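Open the model in your viewer and keep the sequence panel visible. The stops below say what to select next and what is there.

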Amino acid sequence: MQGKTKKQFSLSLLVRIFLGLLVIISICIFARSIMQYNELNREAQALEDALNELGETRARLIEDLGSADELNRILNDYQAYKELIEADTATSDALAEYQTQLDIIRELLKSSKNKDYIVRIAKDELNLYFADEEIIYNDID
């Protein structure tokens, strides 16, 4: 009888050791999973921030240059004119015309349609002024 009791005790000790190791391994796996989850959350937040920044940049470009279709058309025209100029197959008159168009497109890309640009064009080319502005004429020739 005493031998049988010892076997049960030693078997119980092995089961306890096994269960202890199982708990430790489970805790390690859980901790590793939590760390991976946190890392993926940080990456997702960084990607979301980058996406928001790109959206803001796109919105600024659309505001400055017009609609997205207009921007695509300008960029496509720019690329087509650049290819035609680099091909050296056009006549000199056509090449000069393409160069002029390319310069116009570059100016469109550099200029913006914001308030300052509109005000400058209105004052310089159309002689328009704000109602509260004082206009002083100089008659000295």
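Relative accessible area sorts residues into three groups: buried means under 20%, exposed means over 50%, and partly exposed lies in between, using a 1.4 Å probe and protein chains only. This is a predicted model, in which local features need pLDDT of at least 70 and side-chain atom pairs count only at pLDDT 80 or more, while totals for chains, interfaces and linings use all residues. Residues are numbered from 1 along each chain as its sequence is written, and side-chain values use heavy atoms, with hydrogens and water left out.

**The whole chain**

Select the full chain and colour by secondary structure. Helices (H or I, at least four residues) and strands (E, at least two) are DSSP runs numbered from the N terminus. The chain has four helices and zero strands, and along the sequence the pattern reads α-α-α-α.

Now show the surface. Accessible areas come from the Shrake-Rupley method with a 1.4 Å probe, and for residues only the protein chains shown count as cover. The accessible surface of the chain is about 12,600 Å², and 59% of that belongs to carbon and sulfur atoms. Of the 141 residues in the chain, 7% are buried.

Next, colour by pLDDT, the predictor's confidence in each residue on a scale from 0 to 100. The chain average is 77, and 71% of the residues score at least 70. Among the elements of the chain, helix 1 has the highest mean pLDDT, 84, and helix 3 the lowest, 71.

**Helix 1: a salt bridge**

Select E39 and R42 and show their side chains. A salt bridge is a side-chain nitrogen of Lys or Arg within 4 Å of a carboxyl oxygen of Asp or Glu. A search of the whole structure finds one, and it joins E39 to R42, whose closest N and O atoms are 2.9 Å apart. How are the two placed in helix 1? E39 and R42 are three residues apart in helix 1 (residues 2–65), so about one helical turn separates them. E39 is partly exposed at 36% relative accessibility, whereas R42 is exposed at 52%.

**Helix 1: a nonpolar patch**

Select L13, L14, I17, L21, I24, I25 and I29. Together these residues form a nonpolar patch on the surface, with about 680 Å² of accessible area. Patches are made of residues with over 30% relative accessible area and no salt bridge; like charges are joined within 9 Å, and nonpolar side chains (Val, Leu, Ile, Met, Phe, Trp, Tyr) within 5 Å. One of the patch residues, L21, is in helix 1 and is partly exposed at 47%.

**Helices 2 and 3**

Select D77, which is in helix 2 (residues 68–87). D77 is partly exposed, with a relative accessible area of 25%. Add L102 and draw a distance between the C-alpha atoms: D77 and L102 are 25 residues apart in sequence and 8.2 Å apart in space.

Then move to L95, in helix 3 (residues 92–110). L95 is partly exposed at 29%. Its C-alpha atom is 9.2 Å from that of Y81, 14 residues away along the chain.

**After helix 4**

Finish at L128, in the segment after helix 4 (115–126). Is L128 buried or partly exposed? At 47% relative accessibility, L128 is partly exposed. Contact means heavy atoms within 4.5 Å. Apart from neighbours within four places in sequence, L128 is in contact with A122 and K123.
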